[in-house]
Structure formats: C-alpha cells, structure tokens
Amino acid sequence: MTVPIVKQSSIGSSLSTTAAIGGWSFYRTFRSLFIIPTVHADGPTATDRIAENVEKHSQSNHARVISEVEVQQFLARETGWDRLRMMYTPDATGKYSTDVQFMSSITLQAAGMTFLLTSVISGRHAKEEFIQGSKATVFPTKFQAMRRLTDTIYMRSLKDGTKWGLKIGLFSTSVLLVSQSIAAYRNRSSVFEYIIAGMVSGSLFKMSLGLKGMVGGGFFGGIAGLVGGLIIYGTMYLSNETQEQRHYWWIQRLLEQDREMVGKSRSPDAIISTYPTVIIRRRRVVLRKVPE
C-alpha cells in the first residue's frame, strides 16, 4: 500500500490562503456594521485651486520674461546721453538707477568710516592733551575731573569726526558723480574715470588757494583717485558688478516693467523717448482702478 507524501510547503501555502480569505471576510463583515458616507465635492478642491494658481503665475511670469536678444537690441540703440538721462531719472516706482544707488552707498560708507576712525584718533589725542594740560590744575573732586575729561573727549571726537566725515563725504560724492557719469556714458568700468574724477574734485576743493593750489589739489586728487579706483574697480570686478553688468540688469528690469505697465512689448526707441512718462502715467491709471 502506497502512502501519499504531502510536502510541507503545500500545507503551509494552503493554510496561508485560508487565513487570508478568512481575514478578508471578517474585514468585510466588520465594515458592513458601520455606515461611512462618501462626500463628493461640487466644485474644484483646494488642490485644484493651488494647481490653477501656480499655472497662472507661471504663465504670467513667462509672459514678463525678457530675452537676452531684447536687452542687446536696447543696448545697441541707446546712446551715452540716453544712459546719462536715464541714470539720473527715477523710474515708475520712484527708484533711481543702480548707478545712483551705488554712488549713495559708497558715499555713506566712506563718510561713516571716516567719522568713526577720526573720532577714535581725536579722542585719544584729546585725552593726552587734557592730562598734559591739567597736571597743575586742582579739581574739587575726582568726579569733576573725570567729568571734564569725558566731556573733552566726546566733544573733540564729535567735532573732528563730523568735520572730516563731511569733507570725505563731499569729496567722495564729487569723485563718484564724475566717475560714474563717465562710466555711464561709456558703459564701461575702468580706473581711468576715477583718476579724472579725483583730479577734477581735488582742483575744485583747492580753488580758493589759486592756480597753484588747484594744480596741487588736482595732483593729489589724481593719486587718491588712482588708489580708490583700483580698490573700487577690483571689488566690482570680483563681485561681478561692473558698469556693464549693472546696466544690463537695470535694462532687463526696465523692459520687464515697461511690458507689465504698458501691456505689450515696445521698440527701444519708443521706450527711450518716453522714459519714464509712459510708465508713470500707466501706473497711475492702474492704481486708480484698484478699489480701496
């Protein structure tokens, strides 16, 4: 008599299948005891709205994108006088060009650093002079002596710091006005315009001393312009913010702003001839339509 041999794997698979079927039946029976309503949305869901807004935003951004060809066409049509006029004219948002912002930033930094440095040096000199000059002076109390010393240091520091800060600020403003005007007209950054600006500014500051004073002021101003120009041009070159690059970015923003405000692309000649009148007028019309 032959006894059939049943493999253990067959028995295990049969038991697993039976357990799975039983578990599924139990789950269906348990779920049927509870009534779970199904809610269907009448309109678009929040996810649909988010996707729609993202698509609209991407389409509007794509419509405002300015290509490199458009920027190069504008640069080819503008002249040096056009760049000078647009540099000192605010745009539709009331902001000046990046060249004017660059000049104001450098001027404030130079004046602020000069004020701090001069204040510290003058304060030390004032302390030494007060100690030397007050050796034979007898103060009623130690507090009055320290109070007099502190007042002398503060007043001397404030006076000299303000004096030299204003001088360096005015000199920096003059140098940057001349240098950036030359750079904007040429649309190129170099050390040359800083040397010329330093010579012109130095001569103007020494005008009261006559012709010799103007020549000496121009000479030392040219040296100061050379040193400052090397530092400023080196910093701009390393940070990729030369005159050419800054003007390119500004023209790109100008074209985007003009297309957004006017509603269509215009030729470079039309933008240059009407800058910034058309953009400002269109912006006022748009603002009137916005309800308060």
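Author: A helix here is a DSSP run of H or I that is at least four residues long, and helices are numbered from the N terminus. With that in hand, Asn240 can be placed in the loop between α8 and α9. Please keep in mind that this is a predicted model.

Reader: Thanks! What makes the phi of Asn240 worth a remark?

Author: Its phi is near 60 degrees, which is a positive value in a residue other than glycine. Asn187 is a further case, with a positive phi of about 55 degrees although it is not a glycine. Asn187 lies in the loop between α6 and α7.

Reader: And why is Asn240 called partly exposed?

Author: Partly exposed covers what falls between under 20% (buried) and over 50% (exposed). Asn240 has 43% relative accessibility, so it counts as partly exposed.

Reader: What does the secondary structure of the whole chain come to?

Author: It comes to eleven helices and zero strands. As for burial, 28% of the 292 residues in the chain are buried. Among contacts between residues at least 6 apart in sequence, 70% join residues at least 24 apart.

Reader: Let's look at one helix. What makes α4 largely enclosed by the rest of the structure?

Author: Six of its eight residues are buried, so α4 is largely enclosed. Those buried residues are Gly80, Asp82, Arg83, Leu84, Met86 and Met87. Their cover includes α3 (68-77), α5, α6, α9 (243-262) and α10 (268-274).

Reader: An arginine in that list catches my eye. Why is Arg83 called buried?

Author: The cut-off for buried is under 20% relative accessible area. Arg83 has 12%, so it is buried. It lies in helix α4, residues 80-87. Not counting residues up to four places away in sequence, Arg83 touches Glu78, Ala184, Tyr185, Arg186, Asn187 and His247.

Reader: Which class does Trp81 fall into, buried or exposed, and why?

Author: Exposed needs over 50%. Trp81 has 61% relative accessibility, so it counts as exposed.

Reader: Trp81 also pairs with Tyr185. What kind of aromatic pair do they form, and how do you know?

Author: The structure holds four aromatic pairs. In the pair of Trp81 and Tyr185, the ring centres are 5.4 Å apart and the planes stand at 70 degrees. Ring centres within 6.5 Å make a pair, and planes over 60 degrees apart count as edge-to-face. Both conditions hold, so Trp81 and Tyr185 form an edge-to-face pair. Trp81 lies in helix α4 and Tyr185 in helix α6 (residues 142-186), so the pair ties together parts that are 104 residues apart in sequence. Tyr185, at 39% relative accessibility, counts as partly exposed.

Reader: What makes you say that the charged end of Lys167 sits over the ring of Trp164?

Author: For a lysine, NZ has to be within 6 Å of the ring centre and within 35 degrees of the ring normal. The charged end of Lys167 is 4.8 Å from the centre of the Trp164 ring, and it sits over that ring. Arg246 likewise lies over the face of Phe102, at 4.7 Å from the ring centre.

Reader: Why are Ala110 and Ala183 called buried?

Author: Buried means under 20%. Ala110 has 18% relative accessibility, so it counts as buried. Ala183 has 1%, so it counts as buried too. Ala110 is found in helix α5 (residues 98-133), while Ala183 has its place in helix α6. Leaving aside neighbours within four places in sequence, Ala110 is in contact with Ile168 and Ser172, and Ala183 with Arg188, Glu193 and Gln243.

Reader: Finally, how do you know how α7 and α8 pack? What are the angle and the distance between their axes?

Author: Two packed helices are described by the angle between their axes and the distance between the axes. For α7 (residues 192-205) and α8 (residues 210-238), the angle is about 145 degrees and the axes are 6 Å apart. The crossing of α7 past α8 is right-handed. Among the residues that meet there are Gly198 and Gly202 in α7, and Gly218, Gly221 and Gly225 in α8.

Reader: What makes so many residues in that contact polar by class? How many are there?

Author: The contact has nine polar, seven nonpolar and no charged residues. Gly counts as polar in this scheme, so the glycines of the contact go into the polar class.

Key: Residues numbered from 1 in each chain as written. Predicted model: local features only at pLDDT ≥ 70, side-chain atom pairs only at ≥ 80, totals over all residues. Heavy atoms only, no water. Helix = DSSP H or I, 4+ residues; strand = E, 2+ residues; numbered from the N terminus. Buried < 20%, exposed > 50% of the residue type's maximum accessible area, 1.4 Å probe, protein only. Contact = heavy atoms within 4.5 Å. Axes fitted to C-alpha atoms, helices over the stretch in contact; angles between N-to-C directions. Left-handed = near helix turned anticlockwise from the far one by under 90°. Phe/Tyr/Trp six-rings, centres within 6.5 Å; stacked < 30°, edge-to-face > 60°.
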